Amino acid sequence: MAEPARLTREDVAHVAALARLHLSEEELDLYTGQLAQVLDHAADVASLDLAGVEPTAHAMAVTNVLRADEPRPCLDRDEVLAQAPSVEDHRFRVPRILGEAP
Amino acid sequence: MTAPRPALETATMVRAGEELAVDVLEHHLAVIDAGEEAVHAFNLVLADAARDQARAVDARVAAGEDPGPLAGVPVALKDNLCTRGVPTTCSSRILDGWRPPYDATVVTRLVEAGAVVIGKTNMDEFAMGSSTETSAFGTTRNPHDTSRVPGGSSGGSAAAVAAGFAPLALGSDTGGSIRQPAALCGVVGMKPTYGTVSRYGLVAFASSLDQIGPFAHTVADAALLFDVIGGHDPLDSTSLHRPTPRVLTVLDDGVDGMTVGVLTEFLDGVDPDVAARVHQAAEALAAAGARIEEVSVPEVALGLSAYYLIAPGEASSNLARYDGVRYGLRVDAEDTVAMNTATRSEGFGAEVKRRIMLGTYVLSAGYMDAYYNQALKVRTRIIEGFAAAYTRCDVLLGPTAPTTAFAIGAKVDDPLTMYLSDVCTIPSNLAGHPAISVPFGTGDAGLPVGVQLLGPALSEGTLFQVAAVVEAAAPALPAPRLTTGAAS
C-alpha cells in the first residue's frame with residue numbers, strides 16, 4: 001500500500017476542529033511535529049502489503065448478544081440528572097444550537 | 001517496613017473471627033497516613049466509607065455468616081472504575097467532581113466478596129500514558145525511589161500495593177497499563193483474556209483492548225482477586241459466556257513437562273539488566289522441569305505501530321461523549337458547539353488531546369485505509385503469529401518493560417519514546433490474550449524488574465501455574481523506603 005502524504009499543520013488544525021478542540025498557535029506547532037513522528041513510526045504498518053488479510057476489529061468474537069425484552073430496573077433519573085451541568089424540566093439543558101434564533 | 005501480610009491470610013483470619021476487619025483497615029489507613037505524601041498513590045482515600053464496610057464485614061462474622069473470600073481485605077481501585085456516589089475522575093479535569101450513578105460490576109463483586117474499598121488511585125489521564133505523569137492531579141511516585149515514575153497508566157494502584165497501602169488493587173490494561181507499572185513497582189500485575197472480566201462501569205478508553213485486572217504482592221493473592229472479579233456479566237455485551245478459568249486451585253501444579261518459549265523479539269532493544277533477569281527466570285523454569293525454547297514471533301514487532309493507530313482511533317470515538325452536556329465539566333459559551341469546544345479544550349490534558357487528534361486523523365476519509373484498516377490487518381497477523389508459537393509452547397516468557405523505572409520528567413516531552421515503554425505488553429492486548437508480570441529481583445540501579453508470561457486466550461490457569469514457579473525462584477526485592485534513591 002502506498003504511504004500517505006506527510007501530516008501538515010493544516011491537517012492538524014482541521015482534525016482539531018473535527019474533534020471540537022481549540023488549539024493555540026504553539027499547540028498546533030507542537031502537535032504537528034509530535035503526531036508526524038508517531039505516523040512516521042507507523043509507516044512500517046502503512047507500507048506493508050496486506051492484501052487478502054482479514055481485518056480484526058475484535059479479538060474474541062462475540063455476536064448477536066440478545067436478551068428477553070423484559071422491563072428491568074434502570075438508573076434513577078434524578079440521580080443521573082443531578083450530575084448534569086444544567087437541567088430544565090427533567091432534561092439536559094444546552095445553550096442555543098448553531099443557526100437558531102437566540 | 002515489614003513484608004505485608006498476604007490477602008489470603010487476612011481473609012482467612014477475618015472469616016475465622018481471629019481478626020477484625022476494622023483493625024485491618026485501621027492498620028492500612030495508618031500506613032497511608034505515613035506514606036501517602038511521599039507517594040501520592042490516591043486521588044481519594046475513602047476512610048469513612050471503608051470503616052462502614054469493615055464494620056459490616058465484622059458484623060456478618062459476629063452473626064455467624066461468611067462475608068466471602070476477600071473478607072476484610074482492603075482493595076484500592078483505579079479511578080476509572082465507577083463507584084456509586086463517589087467521585088470517579090479518570091485523573092481528568094473534565095470529570096472532576098463527577099459522582100457516577102452506578103457501581104462497576106467489579107466493584108459490586110468485590111463488596112459481595114467482603115472486600116473493603118479503601119480508595120481511588122491516581123492514573124494517567126483516561127489511562128493514556130505509561131508513567132502516571134499525564135494525571136491532572138499530579139504524578140504518583142515510585143515507592144522504591146520517589147524520584148522515579150511508578151509506570152502507568154495504573155501507576156497509583158501499583159504504587160499503593162508496593163507501598164503497603166492496600167494488599168490488593170484493581171487496574172485496567174489497554175496496552176500494558178497493569179503489567180508495566182506492576183513491573184516498575186515490584187508487584188504482581190495481570191491482564192486477563194479479553195471478555196473474562198466485565199467492563200461495565202470501567203470508563204472506556206479503547207473498548208476492544210481494555211480489560212480490568214488485579215495487582216497484588218503475590219501470585220496467589222492476584223489469583224484470589226481474579227477469581228472474584230471474573231465471570232460472565234450480562235451488563236457487558238463483550239463478556240464471554242465461556243467459564244472463566246479458576247486459578248487459585250492450580251498454583252501448586254508446577255511446570256514439569258511444559259514448554260516455555262523465550263520470545264526473542266521482546267529481548268531486542270531491552271536493557272541488559274532486564275534481559276539478564278529474563279534469562280535467569282528461564283533457567284529457574286528449566287530447573288523446575290520445563291523445556292525452554294527460543295521462539296520468534298516476528299509479527300509482534302509491528303504491535304506498537306498498530307496499537308498507536310487502533311487505540312487512539314477507538315479513544316477519539318469513546319471520548320466524544322465528553323461534551324459538557326450530561327456530566328462533568330462545562331465551560332459556558334454562546335452556542336452549543338462553542339460550549340463543546342471550550343469544555344473539551346479546557347477539560348482535557350495534552351496527552352489526551354494528542355490521542356484524540358491522532359485517532360480522529362487515522363479514522364478520517366482518505367487515511368482510514370492507509371492507517372486504521374492496515375492496523376486491523378496487522379492485528380490478524382499478530383494473532384496468527386502467536387497461534388503458531390502456541391502450537392509448540394504452553395506459554396511465552398519475556399520482559400514486561402524494556403527498562404526499570406525511569407526518572408520523573410525523563411520522557412514526558414517525547415511521546416514516541418514514552419510509547420516505547422509498552423512495546424512488550426501491547427501485543428497481548430491486540431490479540432486479546434492474558435499475560436502476567438511477576439517481580440524478579442532488581443536491575444543495575446537496584447530497581448524492580450518484572451518478567452512477563454504470555455499465554456493464549458483463556459490460559460489463565462496455566463499462566464498462574466507458571467507464575468507461581470517463577471515467583472518461588474525470584475530473588476528478593478528490597479522493601480520500598482518511600483524516599484529518593486533506591487535501596488542498595
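**Entry 1: helix H5 of chain B**

I started with H5(B) in this predicted model. I found eight of its eight residues buried, so the helix is largely enclosed by the rest of the structure. For my own record, the buried residues are Gly155(B), Gly156(B), Ser157(B), Ala158(B), Ala159(B), Ala160(B), Val161(B) and Ala162(B). I also looked at what comes after the helix: H5(B) is followed by Gly164(B), which has a positive phi, near 80°.

**Entry 2: Ala159(B)**

I picked one residue of H5 (residues 155–162) of chain B for a closer look, namely Ala159(B). Is Ala159(B) buried or exposed? I counted 37 other C-beta atoms within 10 Å, and the cut-off for burial is 20 or more, so Ala159(B) is buried.

Next I asked which residues Ala159(B) is in contact with, leaving aside neighbours within four places in sequence. My list reads Val39(B), Ala41(B), Thr140(B), Asn142(B), Pro143(B), Pro150(B) and Cys185(B). I took Asn142(B) a step further: it is 17 residues from Ala159(B) in sequence, while the two C-alpha atoms are 6.1 Å apart in space.

**Entry 3: the largest nonpolar core**

A general reminder to myself: in soluble globular proteins, nonpolar side chains tend to be buried together. Here I found 177 residues in the largest nonpolar core. Which members touch the most others? They are Val75(B), Val116(B), Leu397(B), Leu453(B) and Val470(B). Both domain 1 and domain 2 of chain B give this core at least three residues each.

I then followed Leu397(B), again skipping neighbours within four places in sequence. Its contacts include Leu453(B), another of the residues just named. The others I noted are Val260(B), Gly261(B), Val262(B), Leu263(B), Val278(B), Ala281(B), Ala282(B) and Val451(B).

**Entry 4: the two domains of chain B**

I have domain 1 as 7–264 + 390–473 and domain 2 as 301–377. Over C-alpha atoms, the centres of these domains of chain B are 26 Å apart. Where they meet, 27 residues of domain 1 are in contact with 22 residues of domain 2. On the domain 1 side, the elements giving two or more residues are helix H13 (415–419) and helix H14 (426–431) of chain B. H14(B) has the largest share, with three residues. By class, I get 17 nonpolar, seven polar and three charged residues on this side of domain 1.

**Entry 5: H9 against H11**

I turned to H9 (residues 303–318) and H11 (residues 350–362) of chain B, whose axes come within 7 Å and cross at roughly 100°. That angle falls between 65 and 115 degrees, so I call H9(B) roughly perpendicular to H11(B). From H9(B), the contact uses Leu309(B), Pro312(B), Gly313(B), Ala315(B) and Ser316(B). H11(B) brings Arg355(B), Ile356(B), Leu358(B), Gly359(B), Thr360(B) and Val362(B). I sorted the residues of this contact into six nonpolar, four polar and one charged.

**Entry 6: chain B meets chain A**

Last, I looked up the contact between the chains, where 58 residues of chain B are in contact with 48 residues of chain A. Which elements of chain B each supply at least two residues to this side? H9 and H11 turn up again, along with helix H10 (336–347), helix H12 (369–389) and H13. H12(B) provides the largest share, 12 residues. I closed the page with the classes on the chain B side: 30 nonpolar, 17 polar and 11 charged.

Terms used
Residues numbered from 1 in each chain as written. Chains lettered and ligands numbered in written order. Predicted model: local features only at pLDDT ≥ 70, side-chain atom pairs only at ≥ 80, totals over all residues. Axes fitted to C-alpha atoms, helices over the stretch in contact; angles between N-to-C directions. Helix = DSSP H or I, 4+ residues; strand = E, 2+ residues; numbered from the N terminus. Parallel < 35°, antiparallel > 145°, perpendicular 65-115°, else oblique. Contact = placed C-beta atoms within 7 Å. Nonpolar A, V, L, I, M, F, W, Y, C, P; charged D, E, K, R; others polar. Domains from an automatic or database assignment. Core = buried A, V, L, I, M, F, W, Y, C linked by C-beta atoms within 7 Å. Buried ≥ 20, exposed ≤ 12 C-beta atoms within 10 Å, placed from the backbone.
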